[in-house]
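Work through the exercises below with the sequence and the model side by side. Try each task before you read its solution.

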Amino acid sequence: MRVLLKLTLDCTPDAAWRALRSPAVLREVVAPWLDFSSLEDGGLPTTWPEGQHRVRALAFRRFPAGDELVDVSYPGGLPTGVRMLRDGGGALTGPLAVFERWDHRMAISELPDGRTLYRDQLLARAGAVDLVAWYPTWAFWQWRGMRLRRLAPGWSYDPPGTADAAASAHAAGHAAGVPV
């Protein structure tokens, strides 16, 4: 099965890229239907590093719904200005383990007006139940798209050297008891 989204997000590409790489934003985008908790020491990272990350899916943010592997990569060789996050993992246990294949790619690029073009493609296979699984998957992807559009105006990116980045570094040092 193939599920696609193509959206304009009301934020800069840098802000969208920061958000796509954030487990916290993933949790916001799938709420209230799902949530994820880390099965690894240290919990969820601030930003997804490349590699495999074990998580537990929680239906309605509360009920265990199986374990999943988030397998993050950042493909190269893309056209100038395009950034992509790929999750090639999938469910290990629970109802979502019906999917034998999971290849989720999210790409962003800048639009002429400075906003972000977001493209999302899920290629998944659920064998004999593909037809039954397609509609709920498609409907959930539409929910994700709605949440992305709703959340994007609040995303920002504070590059190193800006006043906000300096204030954050100062606050982090102060909280750690480091003289600043």
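**Exercise 1: The partners of β4**

Two bridges join β4 to β5, and these strands run antiparallel. The model is a predicted one, in which local features need pLDDT of at least 70, side-chain atom pairs count only at pLDDT 80 or more, and totals for chains, interfaces and linings use all residues. Residues are numbered from 1 along each chain as its sequence is written, and side-chain values use heavy atoms, with hydrogens and water left out.

Task: Find which residue of β5 stands opposite Ser73, and then trace how β4 pairs with β3 and with β6.

Solution. Begin with Ser73, which stands opposite Arg86 in β5. Here strands are DSSP runs of E with at least two residues, helices are runs of H or I with at least four, and both are numbered from the N terminus; two strands pair if DSSP finds at least two bridges between them. Next, turn to β3 (residues 51–59), which is antiparallel to β4 (residues 63–73) and joined to it by eight bridges, one bridge pairing Leu58 with Pro64 in β4. The two strands form a hairpin with three residues between them, and Phe60 in the turn has a positive phi of about 55 degrees. Finally, β6 (residues 90–91) also runs antiparallel to β4, with two bridges between them, and Leu69 stands opposite Gly90 in β6.

**Exercise 2: The cover of α1**

Task: Decide how many of the eight residues of helix α1 are buried, and name elements that cover them.

Solution. First apply the cut-offs: buried means under 20% relative accessible area, exposed over 50%, and partly exposed in between, with a 1.4 Å probe and protein chains only. By this rule six of the eight residues in α1 (residues 13–20) are buried, namely Pro13, Ala15, Ala16, Trp17, Ala19 and Leu20. Then look for contacts, that is, heavy atoms within 4.5 Å: the cover of these buried residues includes β1 (2–9), α2 (23–30), β5 (83–87), β7 (101–110) and β8 (116–125).

**Exercise 3: A cluster of rings**

Task: Work out why the rings of Phe99 and Trp102 make an edge-to-face pair.

Solution. Start from the rule that rings of Phe, Tyr and Trp (its six-membered ring) pair if their centres lie within 6.5 Å, with planes under 30 degrees apart counted as stacked, over 60 as edge-to-face and the rest as tilted. The structure holds eight aromatic pairs. In the pair of Phe99 and Trp102, the centres are 5.4 Å apart and the planes lie at 70 degrees, so the pair is edge-to-face. Ring pairs also link Phe99 and Trp102 with Phe140 and Trp141 into a cluster.
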